[in-house]
Amino acid sequence: MKAFARVVAEKGTRLTVLRSESPLLLRRTGPETVHLVGGGAGPLRGDDLRLDITVGPGAVLEIRSVAAQLALPGRAHLPPSRLEITATVAAGGTLRWLPEPLIAAVGCDHVTVTRVDVEDGGELLWRDDLVCGRHNETSGDVRTDTTIRYAGRTLYRHELAVGPAAPGWSGAAVLGGGRAIGTLVAAPTGPAPRSGPGDFAVMPLAGPGVLATAIGADIRPVRAALDPLSEQGSRAFSATTV
Amino acid sequence: MSLATLLVLADGRLPSGGHAHSGGLEAQVSAGRVRDLDAVAGFLRGKLATAGLVNAAFAAAACARPGEWADLDQGLDSRTPSPALRKASRAQGRALLRAARAMWSLPPIGRDVHQPIALGVVASAGGLGPQEAAVAAAHGTVSGVASAAVRLLGLDPFAVHGLLARLAPECDRIATEAAARSDRPVDDLPAASGPLLDVGAELHATWEVRLFAS
């Protein structure tokens, strides 16, 4: 399945474009909020999905999803399923990407590529949660490839590979026994640095912003660590500084 | 290319301060995740596939692309979210440059660069090419951890070196992949990450007493 969805938010969060294509269905749910509503199972192998997000000056856009994204195997001869997300945030614009987790069901083969470009003076909160397998299930193969640029420089460049095709992914350098991981990038400012409790740290990046990472046996400790930061950011983000 | 020069550069006895770092192992030993040889093997495989690939690609790129060191160095910053790991990498970069200045004539590169950049520059100054820089980087990513494992867990050094021997073909494979991708734009160079390395390094940096600097 091929699909292309696009949202453009302009000053005052006027949505001048809200283009959906199954399974990427976008619905406006609040003055600043758009939800991705599930349109069918997947992604499945062979799917090629693209989501473009544009946030203009003076616009505030929060994107959430109503349910987890469940990556499933699909037919074996097809290429990996692929979701490509491209976002741009203008100076004076704010984008908060706070979706439900991606779940790597056994046998899946999925790639998510994320490219975010924030102009100097724009604000970003970018959350990604990944769960490796459904309950008591071995993980499928998922690779995430994320680039976040701020003010013309690459702020955060990150790839993560889990599943049977990723050497050492369940070793103590990558996820150990953990089966869920969440990351939250906040730029140009974010929550104060800290480490712990558990496998959780808020780290000041070399550029303007922070990364919060939490790893857990399941999604619960990840949510417990990151949800307060996401919600804090979604209310009064610029009130906190690094 | 001189094989003996490569051995000199990759020798664990090169006085470049590597012995002070466990490559993130000490944090995971303390967390209880690494207690035996199998867990060390799992740590090494994951570290090689993530930090090893990134280090090898940036060492190869720094070797082949003089004049782009600042951009490459910034590329490593964007791949190293943990301030503790950025500091450890720069400390090891400085120590390597200090040692290498007595070995070969280095180009002006400044003092404060990430270790893989320093390694690529030093390899080039020694007459080595990007592939050799990548092999030295990939091997160095796991060999330091292995010797730390012996000290932290009191493991049999023969058995630990057995692990390194079995990882050697994978080091070669990673280095070849890294060198093949080393001519790409900085954003397109490998960025594989180990989240527990980042989080563990931050926890480790808060300890008052520790055996290793990172």
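B:Thr50 touches A:Val174, B:Ala192, B:Ser193, B:Gly194 and B:Leu197, leaving aside residues up to four places away in sequence, where contact means heavy atoms within 4.5 Å. The model is predicted, so local features need pLDDT of at least 70 and side-chain atom pairs count only at pLDDT 80 or more, whereas totals for chains, interfaces and linings use all residues. Residues are numbered from 1 along each chain as its sequence is written, chains are lettered from A and ligands numbered from 1 in the order in which they are written, and side-chain values use heavy atoms, without hydrogens and water.

B:Thr50 belongs to helix α3 (residues 37–64) of chain B, helices being DSSP runs of H or I with at least four residues and strands runs of E with at least two, numbered from the N terminus. With a relative accessibility of 7%, B:Thr50 counts as buried (under 20% relative accessible area, with a 1.4 Å probe and protein chains only).

The same helix, α3(B), packs against helix α6 (residues 115–125) of chain B, as the table shows.

| Helix pair | Angle | Axis distance |
|---|---|---|
| α3(B) and α6(B) | about 45° | 7 Å |

Axes are lines fitted to C-alpha atoms over the stretch in contact, and angles run from 0 to 180 degrees between N-to-C directions. α3(B) is therefore oblique to α6(B), a class left over when angles under 35 degrees count as roughly parallel, over 145 as roughly antiparallel and 65 to 115 as roughly perpendicular.

In chain A, the rings of A:Trp97 and A:Trp126 have centres 4.9 Å apart and planes at 15°, so the pair is stacked (centres within 6.5 Å, planes under 30 degrees apart). Both A:Trp97 and A:Trp126 are buried.

Notes:
Buried means under 20% relative accessible area, exposed over 50%, partly exposed in between (1.4 Å probe, protein chains only). Rings of Phe, Tyr and Trp (its six-membered ring) pair if their centres lie within 6.5 Å; planes under 30 degrees apart count as stacked, over 60 as edge-to-face and the rest as tilted.
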